[in-house]
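Work through the exercises below with the model open. Each task is followed by a stepwise solution.

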Amino acid sequence: MATCLVCGSDNLKAFYNGPIRMGSFGKVSDKQADITECANCGARHLPPVMEDIEAYYRTGEYRADLDQGNAVEKYFQLTDNEQTEKLDILGLHHFRGKVVADIGAGAGPFLDLVKGVAARTIAVEPNENYHASLRERGHEVFPSTVACASAWGGRLDAAVSFSVVEHVEKPREFLAEIKTLLKPGARLVVSTPNANDYLLELCPAYQAFFYRKVHLWYFHADSFRKLAELAGFSSCAIHYRHRFDLSNSLIWLRDRRPSGLGAIKLDPAVDAVWKQHLETSGRSDYFYAVLA
């Protein structure tokens with residue numbers, strides 16, 4: 001990449017050189033990967049290691065790499081419990097009686113959550129394995145934002161896109177395309193891993209897990225605000241969320257591996273204070289951005 005695909009600057013510098021995750025934990029690249037950081041906007045970029053990115057997501061190879069498969073019920077099992085916190089960002093009232101689209105909907109658990117109050121729910125999802133089930137559950141389905149624009153350009157009341165922007169080749173164009181779907185004044189909620197995740201500094205072994213072949217972009221709050229501005233949005237409010245407990249961090253430091261939640265039993269009050277500290281200091285593993 002000669003110039004930054006976010007801001008167009010040619011002031012790129014080496015940021016990381018090392019192994020990256022190629023799928024589920026333990027699948028690590030044989031070769032060293034090079035990640036650059038733009039000195040102008042701060043976005044970090046990993047050149048694609050897949051020959052045909054669109055086919056990778058369309059056919060479901062992505063889920064296979066994660067050892068998750070493409071079964072709808074498996075998707076629900078993995079993601080259902082993550083959905084309710086997403087409503088904390090806007091509140092359920094924001095979707096009542098509205099036309100809502102989820103860009104990168106997967107099997108559609110978030111749309112299922114808001115379907116009872118929304119006037120219409122639209123799934124934009126490249127993975128063809130989920131389309132039939134999405135339609136059966138009453139969601140309108142499109143394989144891309146371009147296809148959605150032909151029917152809904154400038155007509156959406158709200159849109160969400162969770163853990164998608166880091167996967168796309170051109171994130172500025174991606175957000176700009178979503179903006180064309182929105183009514184004036186409508187909001188878009190985007191989420192992505194936080195490039196200022198504290199564990200990257202605390203545990204160097206975590207880097208080969210955090211940086212992964214399917215994540216082409218790594219944003220912190222400032223670089224994401226710049227991306228949103230260049231995509232045509234006038235405001236960008238950041239909400240930090242830390243999704244893992246203190247136990248997971250301790251396991252990383254001891255064993256150099258993820259553990260999920262609750263591997264070590266700790267006082268919930270201690271865990272709550274620790275998470276709050278990471279979120280208020282901007283060092284959580286994840287953040288949501290509300291764009292308008």
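Helices (H or I, at least four residues) and strands (E, at least two) are DSSP runs, numbered from the N terminus. This is a predicted model, in which local features need pLDDT of at least 70, side-chain atom pairs count only at pLDDT 80 or more, and totals for chains, interfaces and linings use all residues. Residues are numbered from 1 along each chain as its sequence is written, and side-chain values use heavy atoms, with hydrogens and water left out.

**Exercise 1. Place Glu51 and assign its patch.**

Step 1: Glu51 sits in the loop between β3 (44-45) and α1 (53-58).
Step 2: Its relative accessible area is 87%, so Glu51 is exposed. The classes are buried (under 20% relative accessible area), exposed (over 50%) and partly exposed (in between), with a 1.4 Å probe and protein chains only.
Step 3: Glu51 joins Asp52, Glu54 and Glu169 in a negative surface patch. Patch residues have over 30% relative accessible area and no salt bridge; like charges are joined within 9 Å, nonpolar side chains (Val, Leu, Ile, Met, Phe, Trp, Tyr) within 5 Å.

**Exercise 2. Find the buried face of α7.**

Step 1: In helix α7 (residues 145-152), the buried residues are Thr145, Cys148 and Trp152.
Step 2: Viewed down the axis, these buried residues fall within an arc of 55°, so they line one face of α7. The arc is taken over directions from the helix axis to the C-beta atoms.
Step 3: Val146 and Ser150 are exposed on the face turned away from the buried side.
Step 4: Recall the periodicity. An α-helix has 3.6 residues a turn, so residues three or four places apart point the same way.

**Exercise 3. Analyse the salt bridges.**

Step 1: Apply the criterion: a side-chain nitrogen of Lys or Arg within 4 Å of a carboxyl oxygen of Asp or Glu. The whole structure yields 13 salt bridges.
Step 2: Take Glu37 and Arg44. Their side chains meet at 2.9 Å, N to O. Both residues are buried. Lys13 is linked with Glu37 and Arg44 in a network of salt bridges.
Step 3: Take Arg137 and Asp112, which pair at 2.6 Å, N to O. Arg137 lies in the loop between α6 (131-136) and β6 (140-142), and Asp112 in helix α5 (residues 109-114), so the pair ties together parts 25 residues apart in sequence.
Step 4: Take Lys275 and Asp271, with closest N and O atoms 4.0 Å apart. Both lie in helix α13 (residues 268-280), four residues apart, so about one helical turn separates them.

Technical notes
Accessible areas come from the Shrake-Rupley method with a 1.4 Å probe; for residues, only the protein chains shown count as cover. Lys and Arg count as positive and Asp and Glu as negative; His and the chain ends are not counted. The place of a charge is taken as NZ of Lys, CZ of Arg, CG of Asp or CD of Glu.
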